[in-house]
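Me: Please take a close look at how the helices pack in this model. I'd like one connected account, with the cut-offs stated as you go.

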Amino acid sequence: MKIAFVGGGTMGEAMVSCLLAKGVAEPPDIAVSDVDKTRRELLSGQYGVTAVADSREAIGGADVIVLAVKPQDLSRVMEEIGSPSPRQIVLSIVVGASLSTLHRGLGHPLIIRAMPNMPARIGEGMTAWTASPEVSEDQRKMVGDVLGALGEKVYVADEKYIDMATALSGSGPAYVFLFIEALTDAGVHIGLPRDVAERLVIQTILGSVHTMEKAGKHPAELRNMITSPGGTTAEALLELEKGGFRSLLVTAVAAAYEKAKNL
Ligand SMILES: NC(=O)c1ccc[n+]([C@@H]2O[C@H](COP(=O)([O-])OP(=O)(O)OC[C@H]3O[C@@H](n4cnc5c(N)ncnc54)[C@H](OP(=O)(O)O)[C@@H]3O)[C@@H](O)[C@H]2O)c1
């Protein structure tokens, strides 16, 4: 499978790196176009892929064309590349760009829209994706292999779920990083050395996630297992509820969703 990237920034590079690491593609199968010479040099030097300035040159002969530019650059990119050939599939990870915008802008019906997230950089991403009705089963399977190299993936039949995924899993790592930072600061506040607090927090989060995966229980059930009557955990949980921890998360994700819909 030949894959071309338009945009070799953070996500473009993450995808190239995962595709090569998972053996989904070899360096000669990948071409990247980027306006930035430094990015082109880095990508060809580090991964051995073809890196060019001209997007049309990059996409020629590709089975899958990945659009990995910032939303504000999308119109220009669509003008630059024009209509792909009838057999080429366009895979867009551009936040907020709908299937109909891409279909109209490219004059091409075979579009896949995906929302990966930042841990895709290490092959631990979560991607929600959908496809225009014209994309065949075989083509879906081919693009599914590309997305699978980034980590876990979930197909959604209705495009509206992509904007929701943008707010939940797309932005999600930022919420988790903020939680880690705040919890570490809390440890420092009560007197722990920062490096110790950091280690305690990270393994607590990793261990909790793995426990949940293995136990297959509802999180409330697991939480109850460590909330002794009149104990320390109950005391902390009361403060979190008083501060609106749950409802704050709901309103934060809802705000991100509104933004995603209106980009
Ligand atoms: N980062 C994430 O976690 C994440 C997650 C999901 C989805 N996304 C989406 O993925 C897309 C890419 O994000 P990113 O973080 O990878 O952005 P990025 O680092 O800015 O990468 C985009 C690259 O495309 C280049 N570019 C701009 N115009 C171009 C053109 N006409 N032809 C070829 N290359 C061009 C940019 O060069 P210049 O910098 O010189 O303009 C830059 O190197 C965005 O739409 C974003 O919403 C990102």
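**Two oblique helix pairs**

Reply: Happy to! Helix 8 and helix 9 lie oblique to each other (under 35 degrees counts as roughly parallel, over 145 as roughly antiparallel, 65 to 115 as roughly perpendicular, the rest as oblique). This is a predicted model, in which local features need pLDDT of at least 70 and side-chain atom pairs pLDDT 80 or more, while totals for chains, interfaces and linings use all residues. Residues are numbered from 1 along each chain as its sequence is written.

Helix 8 spans residues 172-189 and helix 9 residues 194-215; their axes cross at roughly 135° and come within 9 Å (lines fitted to C-alpha atoms over the stretch in contact, with angles of 0 to 180 degrees between N-to-C directions). The helices themselves are DSSP runs of H or I with at least four residues, numbered from the N terminus. Helix 8 passes helix 9 in a right-handed crossing (near helix turned clockwise from the far one by less than a right angle). On the helix 8 side, I180, L183, T184, G187 and V188 meet R194, A197, E198, L200, V201, I202 and I205 of helix 9 (C-beta atoms, placed from the backbone, within 7 Å). This contact comprises eight nonpolar, two polar and two charged residues (Ala, Val, Leu, Ile, Met, Phe, Trp, Tyr, Cys and Pro are nonpolar; Asp, Glu, Lys and Arg charged; the others, Gly among them, polar).

Now for the other pair. Helix 7 (residues 160-170) packs against helix 12 (residues 245-261) at about 135°, with the axes 8 Å apart. That angle makes helix 7 oblique to helix 12. Here the crossing of helix 7 past helix 12 is right-handed. Helix 7 brings D163, M164, T166, A167 and L168 to the contact, and helix 12 brings V253, A256, Y257, A260 and K261. Seven nonpolar, one polar and two charged residues make up the contact of helix 7 with helix 12.

To place these pairs in the chain, the automatic or database domain assignment gives domain 1 (3-158) and domain 2 (172-261). The centres of domain 1 and domain 2, taken over C-alpha atoms, are separated by 34 Å.

Key:
Two residues are in contact if their C-beta atoms, placed from the backbone, lie within 7 Å.
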